[in-house]
Amino acid sequence: MGEEKGRNFYVGDEPDARKVIKYHHLYCKVAELLPLPGMCPSILDLGCGPGLFAAFLAHKGYKSYLGID
């Protein structure tokens, strides 16, 4: 295994807020494919990165989320 990289390796210098705006349309499309928050037992996100999509889903009401990068 290699060594763990720092935060900037994964997210660059762009602030998180700009990244959320940049990918918002993609996050919305993916969320459309998921069951409604109350009907979704859990979500597994492989390659989650810094957790921006996790924050988006939490804001939408999803409670059970596991992200592995």
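Two residues are in contact here when heavy atoms of each lie within 4.5 Å. With that in hand, let us walk through this predicted model.

## Overall layout

The protein chain holds three helices and two strands. Following the sequence, these elements come in the order α-α-β-α-β.

Of the 69 residues in the protein chain, 22% are buried. The chain exposes about 5,400 Å², and carbon and sulfur atoms supply 60% of that area. Turning to the contacts with a separation of 6 or more, 37% of them are between residues 24 or more positions apart.

## Helix α2 and Tyr27

A good place to start looking is Y27, a residue of helix α2, which spans residues 16-33. Y27 counts as buried because its relative accessibility is 10%, and the cut-off for buried is under 20%.

What does Y27 touch, once residues up to four places away in sequence are not counted? The partners are L52, F53 and F56. These three residues also appear among the buried residues of helix α3. Another residue of interest for Y27 is L57: the two are 30 residues apart in sequence, while their C-alpha atoms are 8.5 Å apart in space.

## Helix α3 and its end

Which residues of helix α3, residues 52-60, are buried? They are L52, F53, A54, F56 and L57. A general point about helices helps when reading such a list: an α-helix has 3.6 residues a turn, so residues three or four places apart point the same way.

After α3 comes G61, and its phi is positive, near 105°.

## Strand β1 and Asp45

Strand β1 covers residues 43-46, and D45 is found in it. Is D45 buried or exposed? D45 is buried, because its relative accessibility is 14% and buried means under 20%.

Setting aside neighbours within four places in sequence, D45 is in contact with F53, Y65, L66, G67 and I68. One of these partners, F53, is a residue we have already met: F53 is touched by Y27 as well, and F53 is listed among the buried residues of α3.

## The cysteines

Two cysteines deserve a look. C40 has a relative accessible area of 14%, so this residue is buried. C48 is buried too, with a relative accessible area of 17%. How many disulfides does the model have? The count comes to zero, where a disulfide would need a pair of cysteine sulfur atoms within 2.5 Å.

Note on methods
Residues numbered from 1 in each chain as written. Predicted model: local features only at pLDDT ≥ 70, side-chain atom pairs only at ≥ 80, totals over all residues. Heavy atoms only, no water. Helix = DSSP H or I, 4+ residues; strand = E, 2+ residues; numbered from the N terminus. Buried < 20%, exposed > 50% of the residue type's maximum accessible area, 1.4 Å probe, protein only. Areas by Shrake-Rupley, 256 points an atom, 1.4 Å probe, with all protein chains shown as cover.
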